[in-house]
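Hi everyone, thanks for coming. I'd like to walk you through a structure that may be new to most of you, so please have a look at the screen.

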Amino acid sequence: MNTLLSLFLNETIDTEIESFCASDPEFVIRQQQFDATAHKIAELVGYDLYDAFEVSLGAYWRRASDLYYLYGLGLRQEVLRAMGK
């Protein structure tokens, strides 16, 4: 069990994920486009308002991602039960 936990809860996971994402050319392009657009919006509306928007959007997307993941787990469980596994 400790080995399984160490796969997901370790000090290098953030660095590993960042490296994995950086290895995808499309991700890098999308990140650059986002950063450029975010900078323009922050200049127009001010840093504080833009920061509040980004924090709120990030919390929303994280929760949505969690729920999509949990829904998928439930769906897989239903499929396995239907298959008699």
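Starting at the N terminus, the elements of the chain follow the order α-α-α-α. In other words, we have four helices and zero strands. Please keep in mind that this is a predicted model.

Now, how much of the chain is buried? Of its 85 residues, buried ones make up 7%. As for the outside, the chain exposes about 7900 Å², and 64% of that area is supplied by carbon and sulfur atoms.

Let's move to helix 3, which covers residues 25-45. How many salt bridges does a search of the whole structure find? The search turns up one. The partners are R30 and E26, whose closest N and O atoms are 3.3 Å apart. As a general reminder, side chains of opposite charge can pair when their charged atoms come close. Where do these two sit relative to each other? R30 and E26 are four residues apart in helix 3, so about one helical turn separates them. Are these partners buried or exposed? Something in between, as it turns out: R30 has a relative accessibility of 46%, so it counts as partly exposed. E26 is partly exposed as well, with a relative accessible area of 48%.

Next comes helix 4, which takes in residues 47-82. We'll spend the rest of the talk around here, beginning with the aromatic rings.

How many aromatic pairs are there? The count comes to two. One is formed by Y50 and F53, and this pair is tilted, with 6.0 Å from centre to centre and 50° between the planes. Y50 and F53 lie three residues apart in helix 4, so they too are separated by about one helical turn. Their surroundings are worth a look: Y50 is at 8% relative accessibility, and therefore counts as buried, while F53 is partly exposed, with a relative accessible area of 47%.

Y60 and W61 make up the other pair, and here the arrangement is edge-to-face. Their ring centres are 5.6 Å apart, with 65° between the planes. Both Y60 and W61 are exposed.

Now for the surface, where I'd like to show you two patches. Which residues gather in the patch of negative charge? They are D35, D48, D51 and E54. Helix 4 gives the most to this negative patch, contributing three residues. One residue to find on your screen is E54, which has its place in helix 4. With 35% relative accessibility, E54 counts as partly exposed, and a residue needs over 30% to be part of a patch.

The other patch is nonpolar, and Y71, L75, V79, L80 and M83 form it on the surface. Together these side chains and their residues offer about 520 Å² of accessible area. Have a look at L75, which is found in helix 4. L75 is partly exposed, at a relative accessible area of 41%.

To recap: the chain has four helices and zero strands, R30 and E26 form a salt bridge, and the surface carries a patch of negative charge as well as a nonpolar one. Thanks for listening!

Note on methods. Residues are numbered from 1 along each chain as its sequence is written. This is a predicted model: local features need pLDDT of at least 70, side-chain atom pairs count only at pLDDT 80 or more; totals for chains, interfaces and linings use all residues. Side-chain values use heavy atoms; hydrogens and water are left out. Patches are made of residues with over 30% relative accessible area and no salt bridge: like charges are joined within 9 Å, nonpolar side chains (Val, Leu, Ile, Met, Phe, Trp, Tyr) within 5 Å. Accessible areas come from the Shrake-Rupley method with a 1.4 Å probe; for residues, only the protein chains shown count as cover. A salt bridge is a side-chain nitrogen of Lys or Arg within 4 Å of a carboxyl oxygen of Asp or Glu. Helices (H or I, at least four residues) and strands (E, at least two) are DSSP runs, numbered from the N terminus. Buried means under 20% relative accessible area, exposed over 50%, partly exposed in between (1.4 Å probe, protein chains only). Lys and Arg count as positive and Asp and Glu as negative; His and the chain ends are not counted. The place of a charge is taken as NZ of Lys, CZ of Arg, CG of Asp or CD of Glu. Rings of Phe, Tyr and Trp (its six-membered ring) pair if their centres lie within 6.5 Å; planes under 30 degrees apart count as stacked, over 60 as edge-to-face and the rest as tilted.
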